[in-house]
Amino acid sequence: MQILWINNDGGGFADYVEVAAGTTVDKFFNEQLPGRHAGDYLIRVNRQPVPRDYVIQPGDRVSMTPTKIEGAAAA
Amino acid sequence: MDKHKKYLLRVASAIQTGLLRQPHPRLSDAEATLSRLCSQLDGLKDTARKLSLCRQRGWNLAGQQLLRDLRYTVQELGAEATRSERIVRNPPEPTPPLGQLYNELIQAEQEFDDVEYRRGEGKLVVTTAPIVLEDIRLGRFEMQLVLDRLGAADHHDALRIVALEPNPASSDERVTHPHVSSEGLCAGDASAALRAAIISGRICDVFLLARAVLENYNSGSPFVSLENWDGTPCSDCGSCASPDDTFYCEGCEHDYCNDCITYCRSCDTNLCRECLRKCSLCDEYICESCLQACRRCGARACPACLDDNVCTTCIEKEKHNEQRNDHDQQRKGENTRCGPATAQAVAAPEHAATAAGSALHTDGVGQAGVLPRPRRHRNRRVRRHSAA
């Protein structure tokens, strides 16, 4: 199935990706951002907060936004 | 349709207009790369003309040099052509539909307590909770999205960060947050994501990303570090120092850090480098009031290099002259007693020294070189050498 994934980490992009049926948000996070801690991200499905065991549905809009970002003094 | 929904749709429409109004960054990217391509092609035309000239006139060496230079130009041309091709080929980012922007506003209202559209100013404003970083209260911030600047290439133009209860850095009032200066957010790691979110109309993500930057502190690259937030800026190097490490220059009456303050080597007064002078004799740093002029030569020197307002150089010179005068007096006296032969002996003292003990004949010119010299005279000569 296909979902819209918005990754606000790094370059920040939105794209449609293939996801296996029955994939939970937690699993999807670990697949897409391996080595990262889910607690450091604001994860929304269809703009709403969801539990980690939420099973992603076809056409869902999943966004992941880091909550710990290092700013700088010069761009 | 309820009133609030109408309001949100009106705001969504304003955002959409803002996104359409400015030239899309893709256009400016395309313009820049094509402009570079054109100038490279102009350069190639020029090189081709020169190469033709070299071939016609048999300037082989110059021709070879031109070919070497051309290698780099051709490489660059290839890279630029690839960039241009990529920009032209990629489909343009579609302007987000009104429905998406409406949903963005709904989400923003869920994520933030205070979302306000200021129609007169053309700004969508979201307020953060009070921000405290490393025990320093920075207060709440307004994240202002300037709608008619949404298409600007730089996110600084579109997003302004205004401190509501400003507690700026003591060294720079424009810095209201370690990563905010003059209301501009330096997003650091979030820069690319912010730009992408603005272009694609993901308004809520813009605010979430900006908030994430504001709620964190990167000690590696702040405008002013939190460590020095309340410190006093050094008037020389600009770094902030805590009150314990701040020193007052009694000359210019400014504050300096530990590295930039120094002191007068004579009176120990704390002074900055600008307020100190160098002793012209020993090169030590001395304050203006300790520096005195030598009454003989006028050289400005420290008290250690002056004796009764005469510098050590003048004292040395004086001694030297006295010794020379004594020597001259001695020579005159000897000339009067011994005649010309003795004078020659004095002129050649080494000869005289080797002949010490020989008899002196006032009228014997041939014996002049072996003239013995008085002990007193020889001793004085030795002393002068050791003094020199």
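Two strands pair if DSSP finds at least two bridges between them. With that in hand, here are the close-up views of this predicted model.

**View 1. Strand β5(B) pairs with β2(B) and with β6(B).**
Start with β2(B) and strand β5 (residues 141-146) of chain B, which run antiparallel and are joined by five bridges. To find your place in this pairing, look for K123(B), whose bridge partner in β5(B) is V146(B). Five bridges also link β5(B) to strand β6 (residues 159-163) of chain B, again in an antiparallel arrangement. Here a handy landmark is E142(B), with V162(B) as its bridge partner in β6(B).

**View 2. Helix α1(B) has a buried side and an exposed side.**
Helix α1 of chain B covers residues 3-21. At 1.5 Å a residue, its 19 residues should span 27 Å, and the end C-alpha atoms are indeed 27 Å apart, so the two values agree. Which residues of α1(B) are buried? They are L8(B), V11(B), A12(B), I15(B), Q16(B), G18(B) and L19(B). These residues cover an arc of only 155 degrees around the axis, which puts them on the same side of α1(B). Turn to the other side and you meet the exposed residues K3(B), K6(B), Y7(B), R10(B), L20(B) and R21(B). What do the buried residues of α1(B) pack against? Their partners in chain B are the helices α4 (98-111) and α7 (203-214), together with the strands β1 (114-118) and β2 (123-127).

**View 3. Helices α4(B) and α7(B) cross at roughly 35 degrees.**
The axes of these two helices come within 7 Å. From α4(B), the contact takes in L101(B), E104(B), L105(B), Q107(B), A108(B) and E111(B). From α7(B), it takes in I203(B), C204(B), F207(B) and L208(B). Sorted by class, the contact of α4(B) with α7(B) has seven nonpolar residues, one polar residue and two charged residues.

**View 4. Chain B meets chain A.**
How many residues does each chain bring to the contact? Chain B gives 25 residues and chain A gives 22 residues. On the side of chain B that touches chain A, the elements giving two or more residues are α4, α6 (191-199) and α7. The residues on that side of chain B divide into 13 nonpolar, nine polar and three charged. For a closer look at one part of the meeting, follow α7(B): this helix lies across β3 and β5 (61-66) of chain A and runs at about 25 degrees to β5(A).

**View 5. Chain A holds an open sheet of five strands.**
Chain A has one helix and five strands, and from the N terminus on its elements run β-β-α-β-β-β. In the sheet, the strand order is β2-β1-β5-β3-β4, with mixed pairing. Where does the sheet end? Its edge strands are β2 (13-18) and β4 (48-49) of chain A, each of which pairs on one side only. Strand β3 (residues 41-45) of chain A runs antiparallel to β4(A), and two bridges join them. Here V45(A) stands opposite Q48(A) in β4(A). Of the 75 residues of chain A, 25% count as buried.

**View 6. L226(B) sits in the loop between α7 and β10 (232-233) of chain B.**
Is L226(B) buried or partly exposed? It counts as partly exposed because it has 17 C-beta neighbours inside 10 Å, while a buried residue needs 20 or more. Leaving aside neighbours within four places in sequence, L226(B) is in contact with L133(B), E134(B), I136(B), P178(B) and Y217(B). I136(B) is 90 residues away along the chain, yet its C-alpha atom and that of L226(B) are separated by 7.5 Å.

**View 7. Two glutamates of chain B have a positive phi.**
Most residues other than glycine have a negative phi. For E134(B), phi is near 45 degrees. This residue is found in the loop between β3 (131-133) and β4 (136-139) of chain B, and it is exposed, with 11 other C-beta atoms within 10 Å. E253(B) has a phi of about 65 degrees. Look for E253(B) in the loop between β12 (246-248) and β13 (255-257) of chain B; it is exposed, with 9 other C-beta atoms within 10 Å.

Technical notes
Residues numbered from 1 in each chain as written. Chains lettered and ligands numbered in written order. Predicted model: local features only at pLDDT ≥ 70, side-chain atom pairs only at ≥ 80, totals over all residues. Helix = DSSP H or I, 4+ residues; strand = E, 2+ residues; numbered from the N terminus. Expected span 1.5 Å × (residues − 1). Buried ≥ 20, exposed ≤ 12 C-beta atoms within 10 Å, placed from the backbone. Arc of directions from axis to C-beta. Contact = placed C-beta atoms within 7 Å. Nonpolar A, V, L, I, M, F, W, Y, C, P; charged D, E, K, R; others polar. Axes fitted to C-alpha atoms, helices over the stretch in contact; angles between N-to-C directions.
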